[in-house]
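Hi,

Here is the structure I promised to send over. Please open it first, then read my notes below.

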Amino acid sequence: MRLTNTQLQNFIGRIKLKQEDMPKYRDQINNLRSKLETKIKEDKRTGMKVTKFILAGSWKKGTILKPTGEHPIDVDLVLYVEGDESLKDDLKKLHDFVVQYLEEIYPTKDIKRDVDAEGNTKSIKIKFTGTGLELDIVPVVPMTTPKEYVWQPQRGGGGKRYVTSVTKQLEFSQERKVKNASYTSIVRAIKWWKNYKELKPIDDESGLSSFVIELIVSHLEIEEKVESEIEAGIIRFFRFVSDPNFPVLKFKNAINSVPASFDTPIYAADPTNNENNAAKKLDKTVWKEVISEAKDAFDSLFIAQAKPGEGETIEEWKHVFGPTFNISNEQ
């Protein structure tokens with residue numbers, strides 16, 4: 001039995017952040033936005049300073065899921081830091097400045113820092129205990145050219161940096177949403193599957209990131225066709241990922257070219273710079289697990305389509321998305 005968009009939207013409605021829960025997060029984000037706008041306007045320091053900020057990640061892209069015990073609401077806060085030419089080459093200096101800057105805004109809050117053995121900051125996070133909201137801080141250094149591009153430290157440390165465009169990434173995501181009203185539903189469902197199957201990267205461990213899921217779905221939308229049927233879009237993703245001949249994913253409007261060689265099991269280019277592999281933290285062991293789970297999901301949903309009754313169809317979907325999978329109209 002095939003499931004309709006209406007039925008699957010009932011499932012999506014259960015896994016996404018509910019409208020009635022959004023105000024408490026939005027109020028906290030708006031409060032932060034107000035503090036940052038005031039700080040930027042009144043900051044008289046010379047040299048390094050934050051000149052702009054952008055909210056990014058799944059909150060901005062409209063693919064956020066409801067919080068669960070192991071998966072809180074997290075929002076990416078991108079801070080543009082200017083005023084020192086050495087910043088792009090001195091990641092410790094950049095991170096230390098950003099930590100100090102945030103401590104000036106939130107003097108009573110413990111700014112969480114993940115540091116390596118040498119004490120270098122790998123990531124910065126602000127956690128609001130009241131709502132559970134977590135802000136992942138992403139410092140970037142603007143470039144003169146190409147326009148709208150930045151130097152961004154590699155998340156999780158490693159001392160590396162890369163060139164990307166946060167604004168163009170958001171434009172790319174928005175374009176997918178405009179061309180397909182079902183795009184965010186397909187991405188949300190697959191992100192839920194990734195969390196349920198424990199394929200999500202945690203700290204320094206390898207895993208399938210939400211960004212890579214977005215890029216795979218986007219590649220299929222661009223190279224095959226816009227798929228407005230949510231069920232077909234989900235099954236297409238599992239078919240594509242379980243194929244042993246997974247291609248290099250690259251995007252025509254991105255700058256630069258995919259490197260001639262790479263040491264990761266797959267290559268999924270940043271849609272703004274083909275030199276960046278968004279799957280660089282995915283190792284062979286985890287990718288093998290992703291393929292196995294995707295093949296199992298494809299088989300289950302293919303079988304589900306052949307089942308005559310709704311009950312037995314739903315059982316197959318529960319095998320993929322967990323026991324809470326439900327397509328009834330939420331009252």
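The largest cavity first: it holds about 40 Å³ of space. Bear in mind that this is a predicted model.

**Cavities**

The count comes to two cavities of 30 Å³ or more. The largest is lined by Lys61, Gln169, Phe172, Ser173, Tyr183, Phe211, Glu214, Leu215 and Ser218. Helix H5 (166-179) and H7 each supply at least two of these lining residues. H7 gives the most, with four residues. By class, the lining has four nonpolar, three polar and two charged residues.

The second largest cavity has a volume of about 30 Å³. Its lining consists of Ile186, Val217, Leu220, Glu221, Gly233, Arg236 and Phe237. Here H7 and H8 each supply at least two residues. The classes are four nonpolar, one polar and two charged.

**Cores**

The largest nonpolar core has 49 residues. Which of them touch the most other members? Trp193, Phe238 and Phe321 do. Six elements to look at, each giving two or more residues to this core, are these:

- helix H1 (5-15) and helix H6 (183-196)
- helix H7 (210-223) and helix H8 (230-242)
- helix H9 (284-306) and helix H10 (310-321)

Take Phe321 as a way in. Leaving aside residues up to four places away in sequence, Phe321 touches Phe11, Ala189, Trp192, Trp193, Tyr196, Ile234 and Phe238. Another core, of 34 residues, lies apart from the largest one. Its members include Met22, Phe53, Leu79 and Val81.

**Overall fold**

The protein has ten helices and nine strands. Its radius of gyration is 21 Å, close to the 20 Å that the globule rule gives for 331 residues, so the protein is as compact as a globular protein of that length. Along the principal axes, the C-alpha atoms fill a box of roughly 70 × 50 × 40 Å. Of the 331 residues, 48% count as buried. Among contacts with a separation of 6 or more, 60% are between residues 24 or more positions apart.

One pairing across the chain is worth a look. Pro308 lies in the loop between H9 and H10. The C-alpha atoms of Pro308 and Met1 are separated by 5.6 Å, although the two are 307 residues apart along the chain. Is Pro308 buried or exposed? Pro308 counts as exposed because its relative accessibility is 72%, and the cut-off for exposed is over 50%.

**Backbone points to check**

Most residues other than glycine have a negative phi, and most peptide bonds are trans. Three places in this model depart from that pattern, as listed here.

- A cis peptide bond joins Thr145 and Pro146, with omega about -5°. Pro146 is in the loop between strand S5 (134-142) and strand S6 (150-153).
- Glu148 has a positive phi, near 75°. Glu148 is also found in the loop between S5 and S6. With a relative accessible area of 35%, Glu148 is partly exposed.
- Glu198 has a positive phi of about 55°, although it is not a glycine. Glu198 sits in the loop between H6 and H7. At 64% relative accessibility, Glu198 counts as exposed.

Over to you.

Methods:
Residues are numbered from 1 along each chain as its sequence is written. This is a predicted model: local features need pLDDT of at least 70, side-chain atom pairs count only at pLDDT 80 or more; totals for chains, interfaces and linings use all residues. Side-chain values use heavy atoms; hydrogens and water are left out. A nonpolar core is a set of buried Ala, Val, Leu, Ile, Met, Phe, Trp, Tyr and Cys residues joined through side-chain atoms within 4.5 Å. Buried means under 20% relative accessible area, exposed over 50%, partly exposed in between (1.4 Å probe, protein chains only). Contact means heavy atoms within 4.5 Å. On a 1 Å grid over the protein atoms alone, a cavity is a set of points where a 1.4 Å probe fits but cannot get out, and a pocket is an open set with protein on both sides within 12 Å along at least five of seven lines; lining residues have an atom within 4 Å of a point. Grid points are joined across faces, edges and corners, and a volume is the space filled by probe spheres set on the points. Ala, Val, Leu, Ile, Met, Phe, Trp, Tyr, Cys and Pro count as nonpolar, Asp, Glu, Lys and Arg as charged, and the others, Gly among them, as polar. The radius of gyration is taken over C-alpha atoms; the globule rule is 2.2 Å times the number of residues to the power 0.38.
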